[in-house]
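Thanks for sharing this one with me. Here are my notes on its charged side chains, set out point by point.

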Amino acid sequence: YLTLDGGFSTPQVRVPDNVTFSVGDSQDLRLEHDGSDSRITQGGTGNLIIRQTVDDADLILQCDDGSGGTTAYITLDGSAGHTTVQKEMQFENNVPIRLGTSNASQMSHSGSDFYFANAIGDVDFYNHQDDGDISFFTDDGSGGATEYLRFDGGDVKTYVYKDMKFNDSVYATFGNNDLLIGHDGTNSRIYNYTGNLQITNLTDDADIVFQCDDGSGGLATYFRLDGSLS
């Protein structure tokens, strides 16, 4: 069953196909090859632990690189103190990525929709790149993608590139709820609760014009503040 073969350039311990090399009183750990596949099986007591004890050395999982060679897919980097992934890692549908010791956050794809959920604490998005942006893109209605919203770290402004719709009775608020603008389903309303309500046109010689229905389905000017007249 067991051959100590020194006929190779490197002496080998050889176990034939379909013969199991067992370790442990109860054959807890088994190594075998069935002629097609190799298997390492822990079927007895305790965990299966793979340990690298050399200082600053790595534990590397390698596989075929698609071109006849081998390459690293996952590295437990002992010098950096973290795990690096050298190839794409694909999670099948409805298999979540879980984050946090209590599985507080998770991301997954159902096959139809992408899902992100957080169950503990706040959700914060940071971009620490100097003058960097956070941008939100989605379909442009013509088969492409376009930017809808940008938090611009260079200009220190928020840019809105598409219409922002506020549903009925949902108000845009400014200040400490000092100014509210919205539509209640029947009427459009502007509410000011602090100080004056000031409307200013800073364009040279331009007007402030108040228009309303002309009684015949059209629009007429009722009142004008003419900035071109002295």
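The points below go through the salt bridges and then a charged surface patch.

1. A word before we start: this is a predicted model, so please read every value here as computed from that prediction. In total, the structure holds five salt bridges.

2. Let's begin with Asp 34 and Arg 39, whose side chains form a salt bridge with an N to O distance of 2.8 Å. Asp 34 has 28% relative accessibility and therefore counts as partly exposed. Arg 39, at 38%, is likewise partly exposed.

3. Next come Arg 224 and Asp 207, which also meet in a salt bridge, at 2.8 Å from N to O. This pair links distant parts of the chain, 17 residues apart: Arg 224 sits in strand E19 (residues 219-225), while Asp 207 lies in the loop between strand E17 (188-192) and strand E18 (208-213). Arg 224 is partly exposed, with a relative accessible area of 42%, and Asp 207 is partly exposed at 24%. Elsewhere, Glu 147, Arg 150 and Asp 152 are joined into one network by salt bridges that share partners.

4. Within that network, Asp 152 pairs with Arg 150, their closest N and O atoms being 3.4 Å apart. Is Asp 152 buried or exposed? Its relative accessible area is 10%, so Asp 152 is buried, the cut-off for buried being under 20%.

5. Finally, have a look at the surface: Asp 130, Asp 131, Asp 133 and Asp 155 form a negative patch. Of these, Asp 130 is found in the loop between strand E11 (114-118) and strand E12 (133-139). Asp 130 counts as exposed because its relative accessibility is 64%, and exposed means over 50%.

Methods. Residues numbered from 1 in each chain as written. Predicted model: local features only at pLDDT ≥ 70, side-chain atom pairs only at ≥ 80, totals over all residues. Heavy atoms only, no water. Patch = residues over 30% accessible without salt bridge, like charges linked within 9 Å, V, L, I, M, F, W, Y side chains within 5 Å. Areas by Shrake-Rupley, 256 points an atom, 1.4 Å probe, with all protein chains shown as cover. Salt bridge = Lys/Arg side-chain N within 4 Å of Asp/Glu carboxyl O. Lys, Arg positive; Asp, Glu negative; His and termini not counted. Charge placed at Lys NZ, Arg CZ, Asp CG, Glu CD. Helix = DSSP H or I, 4+ residues; strand = E, 2+ residues; numbered from the N terminus. Buried < 20%, exposed > 50% of the residue type's maximum accessible area, 1.4 Å probe, protein only.
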